[in-house]
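Hello,

Here is the structure I promised to pass on. Have a look at it first, and then read my notes below.

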Amino acid sequence: METKIGVFLCNCGEAIKNIDFDAAVKEIAKFPGVTCVNLSSDLCLEEGKKKMISCIREENLERVVVAACSPEFHEHAFGEVLEKAGLNGRLLSMANIREQCSWAHDGDVTGKAVELVKMAVNRVRLLQPMEMKELPVNNEVLVVGGGFSAINTALQLSRVGLRTTLLEKEAALGTGTEELESLCGFDTSSMVSAVEADKNIKVLTSARVMEVDGKIGDFSVRIRQEGGEILRKYGAIVLATGHQTELALDCELKLGLSIVSQEEFCRMLGNPSLETEPKTIGFIFDFCDENSRFPTLATLNNALAAKRRWGSEVYVFYKSVKVDSEGAEILYQEARDCGVVFLKSEVPPRIDVDNGQVKIKAKDVFLGEDIILVCDVLVAEELHLPTEETANLSSLLNIRRDSRGFCQEENVHLYPVASEKKGIFFVGGCRGDLDLGRVLTDISSVVMNVYELLSSGKILVEAEKVEADPQKCVACLTCIRVCPHGAIQLVRINGGKEVAGISDLACYACGICAAICPAKAINFQSYRDEEILAQIEAI
Amino acid sequence: MRIMNGHIVAFCCEHSAYPAADSAGRLGLHYPENVRVIRVPCAGRVDLIHILKAFENGAAAVLVMGCEDGACHHITGNTRAKERVKYSEILLKEVNIDGGRVRMFNLSPNAPHKFVRAVNEMTRITKESGR
């Protein structure tokens with residue numbers, strides 16, 4: 001018997017004007033399998049949905065086509081309507097007769113609208129119902145790192161009730177945060193003691209991740225500690241391995257009393273019993289690394305502090321001051337008002353050391369002349385680089401890094417803290433040069449993401465949305481190689497044959513494997529080959 | 001094989017080209033009526049058989065539209081699609097279907113103008129080389 005298909009047309013509150021709906025209804029009713037065609041003007045409102053439910057029940061419809069707005073808006077809502085009417089929510093196909101038909105063309109487009117409905121009818125006939133299933137997940141989180149972002153992420157995760165393990169390679173938490181501390185004025189030791197007092201947080205120091213296996217909800221991590229190796233299970237992994245700084249100095253120049261790093265300069269500023277206060281101070285930044293948010297903030301902050309504390313003459317050599325981070329614009333203005341002199345140069349200044357005095361020579365862009373500055377202290381330019389640990393871990397976890405070696409966001413705008421693999425996140429310095437405001441935003445969004453995934457202890461997924469047919473699969477490993485999300489593994493089925501097994505949890509349902517499989521063994525529900533070809537045949 | 005019906009089949013990735021096509025409609029940017037959009041979860045889902053079948057069914061041209069280079073939601077989907085389109089060009093040439101009739105376009109969801117430009121360009125090419 002033919003599948004009973006119901007078509008619901010909607011004129012979107014008469015927003016669709018150039019389609020002759022009466023003629024369209026007559027045409028659509030002729031398609032094979034279409035048992036009823038309804039026209040309404042408010043399908044997405046409660047009234048319309050009620051009418052739809054009663055119609056599905058009365059006519060015993062098996063498949064539904066909705067021809068109205070773009071599926072981007074209400075596909076999900078109409079799926080729920082189907083569920084309420086006792087049909088599987090996936091047995092629905094939408095024809096976009098508004099955005100991509102009526103509004104996109106001049107004149108009467110009834111013909112095209114009918115054809116779009118025909119495409120949807122052809123597709124919906126082949127759709128298969130899909131069940132949802134709950135999969136259990138481990139709700140313990142591993143946070144790798146021991147700096148500001150790692151500690152805060154762990155504290156916030158614990159606050160929302162998730163058990164967390166902090167894994168730090170050093171012997172203690174909170175090392176290497178002095179610069180950040182003096183710039184932003186927070187106290188690391190109080191955070192560390194908060195972590196120690198927290199029952200939800202377990203701290204592993206002098207520990208390293210050796211191997212990671214599994215997928216979201218079920219990562220097994222081999223950790224090497226001083227005493228030996230342990231194997232633990234986690235639901236999600238957060239990388240907070242931070243950044244490292246490197247000085248951009250010529251090799252013959254050495255750090256010392258007169259050439260210092262930002263960190264050393266912070267220490268000088270904090271030292272109440274400094275022997276001689278520097279009279280002239282030079283800063284250099286933004287020549288070697290043009291994407292320098294944190295160094296910019298550090299320079300502005302330290303220049304201002306030196307001016308205020310010692311009243312020294314402060315000169316800043318820069319290529320451009322980028323003030324996109326929070327508070328940087330005000331800081332820059334304040335520094336200028338206080339008398340810090342900013343000197344713009346196109347090429348990095350030349351630095352010579354002469355009898356303990358540093359000579360900086362640069363060509364000022366505005367004066368067009370060379371400037372020679374003899375200063376007591378030079379604060380050298382700092383480069384923000386990813387740590388070795390970030391490199392190690394990203395290759396262990398098999399996640400991408402950007403051209404500079406930082407962790408690569410899945411999508412720069414939409415998913416800034418997620419990797420391309422579900423359940424692996426990164427936060428803070430390991431994903432680029434961030435200011436404190438951004439780091440705090442990162443932490444909150446990671447915590448929200450992890451909470452959403454793991455808090456209930458189970459995840460609702462579409463069962464077998466993408467599935468390899470064990471009869472057809474020849475275990476050629478092509479899909480495993482191409483899967484961008486690492487969701488496919490070889491599994492042994494009954495009878496000892498090894499086939500590709502696609503994890504419902506880790507799969508993003510992109511269909512790349514389905515297109516590339518040479519044996520055509522992979523079945524991608526609702527975008528199967530038949531369903532796509534049926535749409536083409538309707539054209 | 002059916003007689004060419006002058007249609008352009010556009011496989012649109014639901015993360016970029018599909019919303020771009022939607023916003024073209026919403027902004028009232030008009031484009032030729034002969035475009036038929038098929039929504040796919042990623043440009044990487046588009047297989048050779050889909051492209052060839054579209055021509056077998058009388059399409060004048062086929063567009064595969066995915067995310068911008070380096071911004072694919074599924075990382076490698078758009079590059080795989082590009083390779084596949086390139087290969088399909090070779091196959092089509094063998095059956096005397098001019099290579100210019102299948103094209104890969106990269107666009108972002110906020111680029112409705114690019115969608116319209118791509119469709120217009122394809123329409124022009126098909127008209128010039130005869131329907």
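Helix α13 of chain A covers residues 436–454, and at 1.5 Å a residue its 19 residues should span 27 Å (1.5 Å times one less than the number of residues), which agrees with the 27 Å between its end C-alpha atoms. Helices (H or I, at least four residues) and strands (E, at least two) are DSSP runs, numbered from the N terminus. This is a predicted model, in which local features need pLDDT of at least 70 and side-chain atom pairs count only at pLDDT 80 or more, while totals for chains, interfaces and linings use all residues. Residues are numbered from 1 along each chain as its sequence is written, with chains lettered from A and ligands numbered from 1 in the order in which they are written.

Among the buried residues of α13(A) (20 or more other C-beta atoms within 10 Å of a residue's own, with C-beta atoms placed from the backbone) are Leu436(A), Ile443(A) and Leu454(A). Seen down the axis, the buried residues of α13(A) fall within an arc of 135° (taken from the directions from the helix axis to the C-beta atoms), so they line one face of the helix. Their packing partners in chain A include β6 (140–144), α6 (148–159) and β24 (458–462).

The two chains also meet: 34 residues of chain B are in contact (C-beta atoms, placed from the backbone, within 7 Å) with 29 residues of chain A. Elements of chain B that each supply at least two residues of that side include β1 (7–13) and α3 (77–94). The largest share, six residues, comes from α1(B).

Best wishes

Methods: Buried ≥ 20, exposed ≤ 12 C-beta atoms within 10 Å, placed from the backbone.
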